[in-house]
Amino acid sequence: MTTALEPLRRIAAYAVITNEAGQVLLVRASAQSGTPGVWSLPGGAVDHGEHPNDTVVRETAAETGLSVAVTGLRDVLADIRALPHRGVTIHTDRVIYAARVRGGALRERVGQPTDLVDWFHPEDAARLPLRPFTAGALGITEAAIDLLPDEVPDFPSFFAAPGPDGLHRAQRFAAYAVVTDRLQRVLLTRIAENYPGAGKWHLPGGGTDYGEQPGVALIRELVEETGQRGRLGELLGVASHRDPASLGPEGYPIDWHGVRAFYRVRVDRATKPKVYDQGGSTAEARWVTRDELVELGPDDCTEVTYEALRAASLE
């Protein structure tokens with residue numbers, strides 16, 4: 001039974017790295033990890049305040065001895081697994097990038113969570129024990145090796161705990177959407193009072209629930225915040241933002257780090273927006289025309305909104 005395990009959440013970033021021979025770079029988990037002997041993509045946990053892009057570069061250098069440059073974003077996904085021997089159930093939000101080698105030389109580590117690194121042709125990688133997210137990223141059908149919990153525990157999408165300096169800190173993963181309708185209007189929401197960025201225009205979306213995939217969370221949040229039902233489109237990017245002393249409804253400063261995936265979403269049958277989640281961070285929602293959109297500057301929108309609109313060529 002795994003129901004009594006303590007729930008944990010983390011954000012991690014990984015890279016699919018290939019060479020001129022068509023081989024992919026993989027690392028093996030050591031006896032110090034939760035899955036000893038299992039192979040995965042290079043990468044690891046995102047430090048507080050760190051952009052996942054930088055995580056990939058840092059972790060790959062530490063695990064493989066190679067310096068890499070990120071060349072693109074491939075996917076964002078979530079998974080949940082139970083580790084009874086550690087007494088925990090872990091939900092991990094994973095950002096998967098593509099990257100290329102800039103230099104360095106392969107080296108193996110001793111006494112660390114990974115102990116081997118090597119290049120593999122796809123057919124050879126398919127014969128290895130792979131973490132499910134790695135198999136998925138490589139297009140390999142792999143039997144599940146992660147132990148799933150008996151039930152998904154309750155865990156808030158926003159959780160603040162005292163940091164090493166005594167200040168509360170929180171790291172939160174969220175999904176947001178650039179939503180358009182048949183008239184090419186864009187759907188925006190306004191942040192409610194007493195929340196960071198109060199009064200600014202924001203994208204529909206929000207924090208993902210424990211055990212929830214980003215796309216599923218986004219469509220759910222879209223209905224709760226605006227009453228619209230949309231179709232999930234392409235992944236536009238991943239943003240990272242840290243506010244060392246964010247002030248919200250909690251009433252005390254929080255060293256806050258948000259990692260947000262933003263997608264394109266299309267609404268086929270637009271209606272007048274209605275905020276169903278009363279008392280939350282969304283005060284209102286409305287459709288904005290292209291002419292109205294160009295009148296909005298960086299001071300009128302949240303940082304992630306402006307970045308997402310640029311990525312969608314709508315700023």
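In this predicted model, the largest nonpolar core is made of 30 residues, and those with the most contacts inside it are Ile 17, Val 76, Val 179 and Val 238. Several elements give two or more residues to this core, namely strand S1 (6-17), strand S2 (24-29), strand S5 (66-83), strand S6 (88-104), strand S7 (114-120), strand S9 (168-180), helix H4 (214-226) and strand S14 (254-266). In soluble globular proteins, nonpolar side chains tend to be buried together.

To see how one residue of this core is surrounded, the reader can look at Val 76. Once its neighbours within four places in sequence are left aside, Val 76 is in contact with Arg 94, Val 95, Phe 173, Pro 214, Leu 235, Val 238, Ala 261 and Tyr 263. Of these partners, Val 238 has already been named among the residues with the most contacts inside the core. Apart from this core lies another one, which has 18 residues, including Tyr 176, Phe 262, Val 288 and Ala 312.

From the cores we can step back to the whole chain. The protein chain contains six helices and 15 strands. Its radius of gyration is 21 Å, close to the 20 Å that the globule rule gives for 315 residues, and the chain is therefore as compact as a globular protein of that length. Along the principal axes, the C-alpha atoms fill a box of roughly 55 × 45 × 35 Å. Among the contacts with a separation of 6 or more, 72% join residues that are 24 or more positions apart in the protein chain.

The next topic is the division between inside and outside. Of the 315 residues, 48% count as buried, while the accessible surface of the protein chain comes to about 14,800 Å², with 49% of that area belonging to carbon and sulfur atoms. The chain carries 33 positive and 43 negative charges, and the mean positions of these two groups are 3 Å apart.

Finally, two loop residues deserve a look at their backbone angles. Gln 184, placed in the loop between S9 and strand S10 (186-191), has a positive phi of about 65° although it is not a glycine. With a relative accessibility of 39%, Gln 184 counts as partly exposed, because that class lies between the limits of 20% and 50%. Asn 194, which is found in the loop between S10 and strand S11 (201-202), is likewise a residue other than glycine with a positive phi, here near 75°. The relative accessible area of Asn 194 is 60%, so this residue is exposed, the limit for that class being over 50%.

Definitions and conventions
Residues numbered from 1 in each chain as written. Predicted model: local features only at pLDDT ≥ 70, side-chain atom pairs only at ≥ 80, totals over all residues. Heavy atoms only, no water. Helix = DSSP H or I, 4+ residues; strand = E, 2+ residues; numbered from the N terminus. Rg over C-alpha atoms; globule rule 2.2 N^0.38 Å. Buried < 20%, exposed > 50% of the residue type's maximum accessible area, 1.4 Å probe, protein only. Contact = heavy atoms within 4.5 Å. Areas by Shrake-Rupley, 256 points an atom, 1.4 Å probe, with all protein chains shown as cover. Lys, Arg positive; Asp, Glu negative; His and termini not counted. Charge placed at Lys NZ, Arg CZ, Asp CG, Glu CD. Core = buried A, V, L, I, M, F, W, Y, C linked by side-chain atoms within 4.5 Å.
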